[in-house]
Amino acid sequence: MSDLSTIQLVEEVRAQFQAKFGSDPDVVVAAPGRVNLIGEHIDYCDGFVLPMAIDRYTVVAAKATEAETPGTAEFYSIDMDDTLSVPLEKIAKSEHGFWGNYVTGVLAGMADQGSEIPPLQAVTRSNVPIGGGLSSSASLEVAVSTMIEAITGTPIDPVTKGLVCQKAEHDFVGVPCGIMDQFASTLCQKDHVLLLDCQDQSFQQIPFTNPDVAVLIINSEVKHELSGGEYAQRRSSCEKALRLLESASFRDVTMDQVNAKRDSMDPVVFKRAKHVVGEIARTTDAAAALQADHWEKVGDLMYASHNSLRDDFEVSCKELDILVELASKTDGVIGSRMTGGGFGGCTVTLVERDKAASATESICSQYEQATGVKPTAFVTRPSQGAHRIA
Ligand code: GLA
């Protein structure tokens, strides 16, 4: 990740492309990271999520080469200072770790969709913080698929594209993620939040244009290592809960039904189910409140979501709890919660715009005093999903 603005990022990627390959790229694309306002850890439980794209992007510049087909796709990552050479005849798992597998997984998925990927050269760089819970990985996946659409001149529908990118993460990276991150990076629109129904993959764009409300992201700058295995465990506890509730989908389960099964459920499984059913209701309530400009209500639901993630789903951590607690006592703050997978990463805070700077300063300095860790923060706005720049 870098502190470059997205405009500078595009310039740098173009310049690096020229320096490395001696010509200008044919296409330049960008795909954003996302922040989720509410609806956490329920995308894999048929729930609703309410993310927006942030103004931080992964940019890919590329050019088809004259080489004989099938040839190779060569990617240079400025962030990793690493070059990946993918033989297109048989796209296999990469030995370049995560970043290599995000790229190869998407190339394989696009080829499966019928894209005729030509031999190509590409350069990529991102200003989405890596490992901060803002979907840096989904932004890379979606940027690569958007580049393939541009270079082949064959667009695929955005839902299929989101699913191709999710599959890359499942099959090539081994993370059993839900659909939120890839769909957000693909589908989000400027000045809107995305209400995504993860049961049937339908979605609604909800305007978020209130000039008096700012979205503040604070990165705790901690990442507790247990996140990978814990994520898969949460998924399997939710599946177990659903079996015990004798239901095909959490969408058909009420809180009364969860409570009625309390005594026959493992206490941990009970808590997981309670979070899921509660969070589904909170998310639809928050979407309605946002549409009605009832920001206080949105804020209350964000705090309730955080408490549930902390106490019942147990995916928060001390540092995130401190950030939310500090925010809740800060003048101008409307609501705050952890965002993304958890165990570190970022909080999302809604704050009155004219108090955003003072609130950021106050929360960050107190957090540093309490933890000894220096956080980073930025105010963002609902931004454009993946798009072609040139
Ligand atoms: C990660 C996953 C998403 C989602 C969130 C938690 O970001 O990639 O699919 O499950 O965690 O809401």
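**Entry 1: strands β3 and β6.** I began with strand β3, residues 51–64, and found that it runs antiparallel to strand β6, residues 120–126, with 7 bridges joining the two. The model I am reading is a predicted one, and I keep that in mind for every entry here. To fix the register of this pair I looked up one position, and noted that Ala61 stands opposite Val123 in β6. As a reminder to myself, strands of a sheet pair through backbone hydrogen bonds, either parallel or antiparallel.

**Entry 2: the sheet around them.** I then traced the sheet outward and wrote down its order as β5-β4-β6-β3-β1-β13, an open sheet of 6 strands with mixed pairing. At its edges I found β5 (82–87) and β13 (387–388), each of which pairs on one side only.

**Entry 3: helices on the sheet.** Next I looked for helices that pack on this sheet. Helix α2, residues 97–112, does so by touching β4 (72–77), β5 and β6, and its direction makes about 30° with that of β5. Helix α5, residues 180–187, also packs on the sheet, where it touches β1 (27–36) and β3, and I noted an angle of about 125° between its direction and that of β1.

**Entry 4: the ligand.** Which residues are around the ligand? I listed Arg34, Glu40, His41, Asp43, Tyr44, Cys177, Gly178, Met180, Asp181, Tyr231, Gly340 and Gly341. Going through contacts of its oxygen atoms, I found one oxygen atom of the ligand 2.7 Å from a polar backbone atom of His41, and I also read a distance of 2.9 Å from a ligand oxygen atom to a polar backbone atom of Gly178. For Tyr231 the contact involves the side chain, with an N or O atom there lying 2.6 Å from an oxygen atom of the ligand. I also checked how much of the ligand is covered: taken alone it exposes 310 Å², of which the protein buries 92%.

**Entry 5: strand β9.** Why do I call strand β9 largely enclosed by the rest of the structure? I do so because 9 of the 11 residues of this strand, residues 213–223, are buried, buried here being under 20% relative accessible area. Looking for its partners, I found that 8 bridges join β9 to strand β11, residues 344–352, in an antiparallel arrangement, and that Leu216 stands opposite Thr349 in β11. I also found β9 paired with strand β12, residues 376–380, in the antiparallel sense over 5 bridges, and there the bridge partner of Ile218 is Ala377.

Terms used:
Residues are numbered from 1 along each chain as its sequence is written. This is a predicted model: local features need pLDDT of at least 70, side-chain atom pairs count only at pLDDT 80 or more; totals for chains, interfaces and linings use all residues. Side-chain values use heavy atoms; hydrogens and water are left out. Two strands pair if DSSP finds at least two bridges between them. Helices (H or I, at least four residues) and strands (E, at least two) are DSSP runs, numbered from the N terminus. Contact means heavy atoms within 4.5 Å. Axes are lines fitted to C-alpha atoms, for helices over the stretch in contact, and angles run from 0 to 180 degrees between N-to-C directions. A residue is near a molecule or strand if one of its heavy atoms lies within 4 Å of it. A polar contact is a pair of N or O atoms within 3.5 Å; within protein, one must be able to donate a hydrogen and the other to accept it, and residues adjacent in sequence count only if both atoms are side-chain atoms. Accessible areas come from the Shrake-Rupley method with a 1.4 Å probe; for residues, only the protein chains shown count as cover. Buried means under 20% relative accessible area, exposed over 50%, partly exposed in between (1.4 Å probe, protein chains only).
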